[in-house]
Amino acid sequence: MSLLAFNLPIVALLPFLGAVLASWASKFHRVASAWVSAGITVLALVFLAPAMALPFAGETLIQSWAWMPSIGLDFAFRLDGLALLFALLILVIGLLIILYARYYLSAKDSMGRFFAYLMMFMGSMLGIELSENLLQLVVFWELTSLSSFLLISYWQHRQDARHGARMALA
């Protein structure tokens, strides 16, 4: 079980690090942010892999650390069959979107900004799926709203993108 000691928080929080690295990598080369994002996503899959057998064995993995012990609130993540299914969907579909967007975005588009927003969205979604307590779930839910707004408004020069982003927050 020591191999699984910190896997779930790493899987959930690694895309947020990937957002920072993707934005930073775009300063070196236009497509560097795509490769950094893809690498971070594959790395999250690698960290998830050792725990994949547990839900198939009927076990639920819960990893928690005392956050606010006076009110009984822990920083906790949970992996059961449904959470595994959605975590795999988020990571695999996210990887496919990264590979597609690398070729889809034009030379005028800021790849670093797009991939930073996408990685924030992936991390938020993973946080929702792996959260063990309600407060943590609400925090990741709000991060999903914010990153969704940023993704929808990516082409901010277009009025329909700005309008759609405002509707996403409503």
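Two strands count as paired if DSSP finds at least two bridges between them. Helices (H or I, at least four residues) and strands (E, at least two) are DSSP runs, numbered from the N terminus. This is a predicted model, in which local features need pLDDT of at least 70, side-chain atom pairs count only at pLDDT 80 or more, and totals for chains, interfaces and linings use all residues. Residues are numbered from 1 along each chain as its sequence is written, and side-chain values use heavy atoms, with hydrogens and water left out.

**View 1. Strands β1 and β2 form a hairpin.**
Strand β1 covers residues 61-68 and strand β2 covers residues 73-79. The two run antiparallel and are joined by seven bridges. Across the pair, I62 faces R78 of β2. Four residues separate the strands. One turn residue, G72, has a positive phi of about 75°.

**View 2. W67, F75 and F77 make an aromatic cluster.**
Six aromatic pairs occur in the structure (Phe, Tyr or Trp rings, the last by its six-membered ring, with centres within 6.5 Å; stacked under 30 degrees between planes, edge-to-face over 60, tilted for the rest). One of them joins W67 and F75 edge-to-face, at 6.5 Å centre to centre and 75° between the planes. W67 is partly exposed because its relative accessibility is 40%, between the limits for buried (under 20%) and exposed (over 50%; 1.4 Å probe, protein chains only). F75 has a relative accessible area of 27%, so F75 is partly exposed too. Ring pairs tie W67, F75 and F77 together.

**View 3. R78, D80 and E132 share a salt-bridge network.**
The whole structure has two salt bridges (side-chain nitrogen of Lys or Arg within 4 Å of a carboxyl oxygen of Asp or Glu). D80 meets R78 at 3.5 Å, N to O. R78 also meets E132, at 3.3 Å, N to O. That second contact links distant parts of the chain: R78 belongs to strand β2, and E132 to the loop between α5 (111-130) and α6 (134-152), 54 residues apart. How accessible is R78? R78 has a relative accessible area of 29%, so R78 is partly exposed. D80 is partly exposed because its relative accessible area is 23%. E132 is partly exposed as well, at 31% relative accessibility.

**View 4. A nonpolar patch includes L85 of helix α4.**
L82, L85, F86, L89, I93 and I97 make up this surface patch. Together they offer about 520 Å² of accessible area (Shrake-Rupley method, 1.4 Å probe; for residues, only the protein chains shown count as cover). Patch members have over 30% relative accessible area and no salt bridge; nonpolar side chains (Val, Leu, Ile, Met, Phe, Trp, Tyr) are joined within 5 Å, like charges within 9 Å. Helix α4 spans residues 81-104 and holds L85. L85 is partly exposed because its relative accessibility is 47%.

**View 5. R102 lies over the ring of Y103.**
R102 sits 4.3 Å from the ring centre of Y103, over its face (CZ of Arg or NZ of Lys within 6 Å of the centre and within 35 degrees of the ring normal).

**View 6. P50 and N7 are 8.4 Å apart, C-alpha to C-alpha.**
In sequence, 43 residues separate P50 and N7. P50 belongs to the loop between α2 (32-48) and α3 (53-56). P50 has a relative accessible area of 34%, so P50 is partly exposed.
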